[in-house]
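Here's a quick briefing to read with the model open beside you. Take it one topic at a time and find each residue as you go.

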Amino acid sequence: MLSRLFAPKVKVSAHCDLPCGVYDPAQARIEAESVKAVQEKMAANDDPHFQMRATLIKEQRAELAKHHVSVLWSDYFKPPHFEKYPELNQLVNDTLKALSAAKASTDPATGQKALDYIAQIDKIFWETKKA
């Protein structure tokens with residue numbers, strides 16, 4: 001009797017953990033843009049204290065970008081997405097590797113490479129949202 005009383009009256013489902021609207025590659029892009037911007041500022045400033053602070057910020061932002069990409073991969077993208085976009089697993093892996101490289105580098109080209117990969121994920125993400 002109690003189980004029927006507390007049983008859900010309406011069943012809902014979503015293709016992701018929460019109803020859509022909480023996932024967006026823009027979060028990763030913003031953090032990756034920060035990584036590249038810091039790399040550019042580091043190239044223009046020789047102050048060792050600035051370099052130390054900039055390195056810390058760059059590494060934190062790269063980790064945040066990696067986190068956002070990982071969340072998209074693990075929580076948003078589902079088997080039908082991977083079937084339609086078979087390159088998606090490799091693309092996410094390449095993106096995470098590029099963000100790791102940018103984290104370890106002061107060369108803005110590494111930040112740009114990560115941004116380029118994120119742009120590809122963004123394109124696929126928005127295509128899945130239309131479906």
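**Lys-66 and its surroundings**

The side chain of Lys-66 makes a polar contact with the side chain of Ser-100, at 2.9 Å. Keep in mind that what you're looking at is a predicted model. Lys-66 itself sits in helix H3.

- Leaving out residues up to four places away in sequence, Lys-66 touches Leu-96, Leu-99 and Ser-100.

**Where H3 meets H5**

- The axes of H3 and helix H5 (residues 88-104) come within 8 Å and cross at roughly 170°.
- Angles over 145 degrees count as roughly antiparallel, so that's the label for H3 and H5.
- On the H3 side, the residues making the contact include Lys-58, Ala-62, Lys-66, Val-69 and Trp-73.
- On the H5 side, they include Asn-89, Val-92, Leu-96, Leu-99 and Ser-100.

**The whole protein**

- Reading along the sequence, you'll meet the pattern α-α-α-α-α-α, and the secondary structure comes to six helices and zero strands.
- The protein has 131 residues, and 31% of them count as buried.
- Take the contacts with a separation of 6 or more: 74% of them are between residues 24 or more positions apart.
- About 8300 Å² of the protein is exposed, with carbon and sulfur atoms supplying 59% of that area.

**Aromatic rings**

- How many aromatic pairs are there? The count comes to five.
- One of them joins Tyr-23 and Tyr-76: this pair is tilted, with 5.9 Å from centre to centre and 55° between the planes.
- Tyr-23 lies in the loop between helix H1 (2-6) and helix H2 (26-43), while Tyr-76 belongs to helix H3 (residues 48-76), so their pairing ties together parts that are 53 residues apart in sequence.
- Are these two tyrosines buried or exposed? Tyr-23 is buried, because its relative accessible area of 10% falls under the 20% cut-off.
- Tyr-76 has a relative accessibility of 0%, so it counts as buried too.
- Tyr-76 also pairs with Phe-125: the ring centres are 4.7 Å apart and the planes are at 50°, so this pair is tilted.
- That pair links distant parts of the chain, with Tyr-76 in helix H3 and Phe-125 in helix H6 (residues 108-130), 49 residues apart.
- Both Tyr-76 and Phe-125 are buried.
- Put the rings together and you get one aromatic cluster, formed by Tyr-23, Tyr-76, Phe-77, Phe-82, Phe-125 and Trp-126.

**Asp-24 in the loop**

- Asp-24 is found in the loop between H1 and H2.
- Is Asp-24 buried, exposed or partly exposed? Its relative accessibility is 26%, so Asp-24 counts as partly exposed.
- The side chain of Asp-24 reaches the backbone nitrogen of Ala-26 at 2.9 Å.
- Which residues does Asp-24 touch, not counting those up to four places away in sequence? They are Leu-72, Asp-122, Phe-125 and Trp-126.
- Two of those, Phe-125 and Trp-126, you've already met in the aromatic cluster.
- Asp-24 and Tyr-76 are 52 residues apart in sequence, but their C-alpha atoms are 9.3 Å apart in space.

Terms used
Residues are numbered from 1 along each chain as its sequence is written. This is a predicted model: local features need pLDDT of at least 70, side-chain atom pairs count only at pLDDT 80 or more; totals for chains, interfaces and linings use all residues. Side-chain values use heavy atoms; hydrogens and water are left out. Rings of Phe, Tyr and Trp (its six-membered ring) pair if their centres lie within 6.5 Å; planes under 30 degrees apart count as stacked, over 60 as edge-to-face and the rest as tilted. Helices (H or I, at least four residues) and strands (E, at least two) are DSSP runs, numbered from the N terminus. Buried means under 20% relative accessible area, exposed over 50%, partly exposed in between (1.4 Å probe, protein chains only). A polar contact is a pair of N or O atoms within 3.5 Å; within protein, one must be able to donate a hydrogen and the other to accept it, and residues adjacent in sequence count only if both atoms are side-chain atoms. Contact means heavy atoms within 4.5 Å. Accessible areas come from the Shrake-Rupley method with a 1.4 Å probe; for residues, only the protein chains shown count as cover. Axes are lines fitted to C-alpha atoms, for helices over the stretch in contact, and angles run from 0 to 180 degrees between N-to-C directions. Angles under 35 degrees count as roughly parallel, over 145 as roughly antiparallel, 65 to 115 as roughly perpendicular and the rest as oblique.
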